[in-house]
Amino acid sequence: VKDAVTANRNNDSEVPIASVAAGFPDGQTPIAQRIEEIKYAVEAGAKEIDIVITRAHVLAGNWQALYDEVAACKRACGDALLKTIIATGHLGTLTNVYKASLVSMMAGSTFIKTSTGKEAVNATFPVALVMIRAIREFYHRTGYKVGFKPAGGIRNAKDVLSWLALMKEELGDEWTQPNLFRIGASSLLGDIERQLYHFQTGRYAALYQFPMS
């Protein structure tokens, strides 16, 4: 985080700095340690924090424990945004995905996120639809807007159009904007660069020509 803060300062940039914390990507370290990680990242300058839930709470149906965990992480974030990864590929059923989404929102998550990108199954449309409809129900019941972030397995710019269409159809135009919709896909950047290169030159570049690829 400190290096990113320095890079922002040196380049006169105001890009918000995001950091993983709380035992990412497994979330199996003691809760006290996870809280300290969040506080350290925020104090260092992180404006957004990504955490991953304890999957065992979901699989055991211990919703109070899940709520308490996410709420504690939210308190540790202070003014920083909290993106809660529910790790859908490990939750077993779509019912668990729905309940984990609702509990994470009740506990104060700014965004709910499908995956760490490390699971065997990451962002898929079935789990996304379940999470998005949980967001819609939560909004209708509370008036509070929670963002959505699919992560893992989104590799090209054309895929993004499908995700944007899903957000528009289910939640409306407002949820296609960065304050309520993000995409977590490192490999996507290379394809976006290639598309921009094609737009400018009329031909595609090889992936090795771009440093992030």
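**Note on the predicted model: core, pocket and local backbone**

1. Setting aside residues up to four places away in sequence, Ile-38 touches Ala-21, Ala-22, Ile-49, Ile-51, Cys-73, Ala-76 and Cys-77. The model under discussion is a predicted one. Ile-38 also ranks, with Ile-49, Met-105, Phe-148 and Trp-163, among the residues that touch the most other members of the largest nonpolar core, a set of 50 residues. At least two residues of this core come from each of H2, E2, H4, H5, helix H6 (125-142) and H7. H6 provides the largest share, with eight residues.

2. Helix H4 (residues 63-77) merits a check of its geometry. Its 15 residues, at 1.5 Å a residue, should span 21 Å, and the distance between its end C-alpha atoms is 21 Å, so the expected and modelled values agree. The buried residues of H4 are Leu-66, Glu-69, Val-70, Ala-71, Ala-72, Cys-73, Ala-76 and Cys-77. One of these is charged by residue type, namely Glu-69. The buried residues of H4 pack against helix H2 (31-44), E2, helix H3 (55-59), E3 and H5. Cys-73, Ala-76 and Cys-77, buried in H4, are also among the contacts of Ile-38. Just after H4, Gly-78 adopts a positive phi of about 60°.

3. The largest pocket has a volume of about 730 Å³. It is lined by 27 residues, and those closest to its centre are Lys-149, Ile-183, Gly-184, Ala-185 and Ser-186. Strand E1 (18-20), strand E2 (48-52) and helix H8 (188-201) are the elements that give two or more residues to this lining. By residue class, the lining comprises 13 nonpolar, seven polar and seven charged residues.

4. Lys-149 deserves separate attention, being among the residues closest to the centre of the largest pocket. Lys-149 lies in strand E5 (residues 147-149). Its relative accessible area is 12%, and Lys-149 therefore counts as buried, the limit being under 20%. Leaving out residues up to four places away in sequence, Lys-149 touches Asp-50, Lys-83, Phe-111, Ile-112, Lys-113, Thr-114, Arg-182, Ile-183 and Gly-184. Of these contacts, Ile-183 and Gly-184 are likewise listed among the residues closest to the pocket centre.

5. Two residues other than glycine have a positive phi and should be inspected individually. For Asp-12, phi is about 50°. Asp-12 is located in the loop between helix H1 (2-10) and E1. Asp-12 counts as exposed because its relative accessibility, 73%, is over 50%. For Ala-87, phi is near 55°. Ala-87 sits in the loop between strand E3 (81-85) and helix H5 (94-106). Ala-87 has a relative accessible area of 0% and is therefore buried. The two positions thus share the sign of phi, whereas Asp-12 is exposed and Ala-87 is buried.

6. A final point concerns Ala-165, which is placed in helix H7 (residues 157-171). With a relative accessible area of 39%, Ala-165 is partly exposed, because this value falls between the 20% and 50% limits. Ala-165 and Trp-175 are separated by 10 residues in sequence, and their C-alpha atoms are 10 Å apart in space.

Terms used:
Residues are numbered from 1 along each chain as its sequence is written. This is a predicted model: local features need pLDDT of at least 70, side-chain atom pairs count only at pLDDT 80 or more; totals for chains, interfaces and linings use all residues. Side-chain values use heavy atoms; hydrogens and water are left out. On a 1 Å grid over the protein atoms alone, a cavity is a set of points where a 1.4 Å probe fits but cannot get out, and a pocket is an open set with protein on both sides within 12 Å along at least five of seven lines; lining residues have an atom within 4 Å of a point. Grid points are joined across faces, edges and corners, and a volume is the space filled by probe spheres set on the points. Helices (H or I, at least four residues) and strands (E, at least two) are DSSP runs, numbered from the N terminus. Buried means under 20% relative accessible area, exposed over 50%, partly exposed in between (1.4 Å probe, protein chains only). The expected span of a helix is 1.5 Å times one less than its number of residues. Contact means heavy atoms within 4.5 Å. A nonpolar core is a set of buried Ala, Val, Leu, Ile, Met, Phe, Trp, Tyr and Cys residues joined through side-chain atoms within 4.5 Å.
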